[in-house]
Amino acid sequence: MQVEHTEFRPKIVAFCCNWCSYAGADLAGSSRLAYPADVKIIRVPCSCRVNPMFILRAFQRGADGVILCGCHPGDCHYTTGNYYARRRMTLLFSMLDYLGVEDGRTRVEWVSAAEGVKFSATMNEFVAKIHELGENVRLEDLRCKN
Amino acid sequence: MQELITRAKELLADGTVSRVLGWKKGDLGWDPEPAWFEKEEDLEGFVYNPFCGANLSKYLIAAGKLEGRTLVFLKPCDTYSFNQLVKEHRVKKEKTYIIGVGCRGTLDPEKVRAAGMKGIEDAAVDGETLKVATLYGEKEMPLKDALLDRCLVCKGKTHVAYDELIGAQAGEEAGPGELAGDRFAGVERLEALPPKERFAFWQGQLSKCIRCNACRNACPACSCLKCVFDSSQFDSSQKANADTFEEQMFHIIRAYHVAGRCTDCGECSRVCPQGIPLHLLNRKFIRDINTFYGEYQAGADTESRAPLTDFTLEDVEPGIVSKRGGGR
Amino acid sequence: MYQMKKDRLTELFQAISGTKDLFLPLRKCDQTNYGLWTPEEVFDLETLKTVKSAKDCFFPQSEVLYRCKTEDGKISIDPQKLCDRPFVVFGMRACDVKAVEVLDRVFLSEPVDTFYAARREHGTIVSLACHEPEETCFCRNFGVDAAASGADVETWIIGDSLYWKPLTEKGEALTESLQAVLEAADGEASACEAEETVAREQEAIRGVIEKLPFSHLDLSRFQPENTMELFDSPLWEELYKPCLACGTCTFVCPTCQCYDIRDFDSGKNGVQRYRCWDSCMYSDFTMMAHGNLRTSQMQRFRQRFMHKLVYYPANNDGLYSCVGCGRCVSKCPASLNIVKVIKKLGGEA
């Protein structure tokens, strides 16, 4: 019998800040809350460490969706980092939209260290959205494709 | 023009300035080049006409490293770039002497060619008409049709920085009236398209890019000593049009790096050899900044904080982009 | 001499592209550049000069040389296949045709560049005479005849007809395969008439060329024996000043042949080694382990023009590596160009 391997397995990159969201992911894990294995977490010191280039790079290297998680506004470990990140990502997402990249491939969510449930719910939701959108073709680099 | 030359000679002679940064007559009527004059007699080659589109403020970074003050002729929109450079500590005000020159819009030789004129040897403005001497006879076209796109949506005739004005008046309105068009109209037209068509538009435009870096090098906001795209550690094909991704990446990142600092001088679109409407990327950022964080004109002053180095507690969330159904 | 009606051009192009790849000046997003023609594309033979030259057809801006990959601890190297499909470039102007000669001397002399050689071997050049030369043209100074390019096939569009004249074996072979579309000028009378029409057009073109503003430049000082004098000229300091150090002039130039070799790590697909055009205007040009030998923009600027006007001819029997296409004249953001350099250093201005 032949097994068909046509099911789309999206690749999701999640940038998580070290102080809140990464701990939130930890909590989701230790609380046995499930979220798809398609999400690959990259830990960053603060959400404002994420340069717009990181996001484009992730898409270039084959990501189908990129999500940025950080401390809630007001809770940043470095006081104001996430406020800057918020402006940066708003403008970047708007630009990607302007260039015709499908809406929903990028997302920002504030997840605190206590929000394991929110982390898992967000990831489930995001992966479902990417499933809906399908493979990233508009921001791909053909050289990195199979 | 004679007035400009006379004044420049005076300032050189009395030692106020050590050199003059202006434009020099080219071999054809439409190709004046930016030029440095150090001696009074050199100024005979000086020219200021509607083909002097180059924004000279970029050269002030280099001029700042030289001894003494540099006299520079700036058009109204060039002074915004100057202010922005001062704000970023790339240019020192006290090393510069600005003569603000009047401007009724600068011309695009490409547009003259596109109007079907081949072999343009000379061109002169006569009222609202551009008279062109070509190899194949005398021709003329409405001046308005030869204006650079940026001038069709002129942001004003007021110099925001100057030491003195010649041929321009403080507070003068953008005008001839019809020129003060809506500069965001182009952005809005694109935003109104379905994502798929927007994507096709940019794909078509950006895939023309030949990676010559003219947009970057002419841009007064691109003043980094070493550009990230020139780094040998940067895993990207910075000189090759190897994959459409590379061009997208370059232009998104470049527009992003100047977001909140771009004065919308339009040099990027003017110099692009492939005619890519790069200003549409910058204006998208300007428009978003205006809507999300309040009206902001980079280079209008030298003190205010730029939108991307500032925040408020009540800023909109990035989710706004999808909530309002895409780019609007 | 063959002849056909201009409105049958698409038919001609279809006939060529049936057996070969056909490169034509294509109109895309308001600009004209050479590209692979398919019936969906819009060709543009009106525009005198494409933004980029036809150099891309023989020496593309970017091309992969080989790929390597590590699998199960073993490295495999997969060389790029050389061009093995015949192709035709239609519509090249005489200056671009001459530029191919300049490139040939670089890439076909030992050690031969196999990628370039394969393309040259498989490519046939069909030139198109410049019906209306422009003010930026100065090809006459470099021995280019805009009315007769010397390509594999020369063509002229006069009125509503295309005149077709094969010159080389390759050109004859191409003509042979297109007999169904091209009409041989039958009989002595019409052959004579065609020859005359073309001769009149050639005369008209040459007449315009004579009158162009840059057609009579004085190149006499650009001799190998003046190398040091030109190199040390104080005029460079003045000339380079407006240069913004972008690569526009080098990338639109039909003869610039410098390239860089780089690796792109594509992750699981392994590493691609590719070469891409380089520009002597860039600060990382000829960067070596010890650093860069040209540390200022003046030196980089000087290199470009010294190479075109002095070094190259000194090594290639006096052949200048500028063909006077004038692309840099119309495209430089600061309106600098080789004409200004020739005039200034040549003592004219």
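Two residues are in contact if their C-beta atoms, placed from the backbone, lie within 7 Å. Keep that in mind for chain C. What you see above is a predicted model, and I will go through its chains in turn, starting with C.

In chain C, take the contacts with a separation of 6 or more: 68% of them are between residues 24 or more positions apart. As for secondary structure, chain C has twelve helices and twelve strands. Of its 349 residues, 43% count as buried. Along the principal axes, the C-alpha atoms of chain C fill a box of roughly 70 × 65 × 40 Å. What radius of gyration would a compact globule of 349 residues have? The answer is near 20 Å, and chain C, at 22 Å, agrees with that.

Next, chain A, where I will look at one helix. H4(A) runs over residues 116-133, which is 18 residues. From first C-alpha to last, H4(A) reaches 26 Å, close to the 26 Å expected at 1.5 Å a residue.

Which residues of H4(A) are buried? They are A:Gly116, A:Phe119, A:Ser120, A:Thr122, A:Met123, A:Phe126, A:Val127 and A:Ile130. These buried residues are on the same side of H4(A), because they cover an arc of only 160 degrees around the axis. The spacing in that list is worth a general remark. An α-helix has 3.6 residues a turn, so residues three or four places apart point the same way.

The other side of H4(A) has A:Ala128 and A:Glu132, which are exposed. So what covers the buried residues? The cover includes four strands of chain A, namely S1 (12-17), S2 (39-44), S3 (65-70) and S4 (106-110), together with helix H1 (21-30). Just after H4(A) comes A:Gly134, with a positive phi of about 80 degrees.

Last, chain B. Its domain assignment gives three entries: domain 1 takes 1-105 + 155-181, domain 2 takes 109-146, and domain 3 takes 182-328. Note that domain 1 is written as two stretches of chain B. How far apart are the C-alpha centres of domain 2 and domain 3 of chain B? They lie 32 Å apart.

Now for a pair of strands in chain B. S5(B), residues 120-126, and S6(B), residues 129-134, pair in the antiparallel sense over six bridges. In that pairing, B:Ala123 stands opposite B:Val132 of S6(B). The two strands form a hairpin, with two residues between them. One residue in the turn is B:Gly127, which has a positive phi of about 65 degrees.

That is where I will stop.

Methods:
Residues are numbered from 1 along each chain as its sequence is written. Chains are lettered from A and ligands numbered from 1 in the order in which they are written. This is a predicted model: local features need pLDDT of at least 70, side-chain atom pairs count only at pLDDT 80 or more; totals for chains, interfaces and linings use all residues. Domain bounds come from an automatic or database domain assignment. The expected span of a helix is 1.5 Å times one less than its number of residues. A residue is buried if 20 or more other C-beta atoms lie within 10 Å of its own, exposed if 12 or fewer, and partly exposed in between; C-beta atoms are placed from the backbone. The arc is that of the directions from the helix axis to the C-beta atoms. Two strands pair if DSSP finds at least two bridges between them. The radius of gyration is taken over C-alpha atoms; the globule rule is 2.2 Å times the number of residues to the power 0.38.
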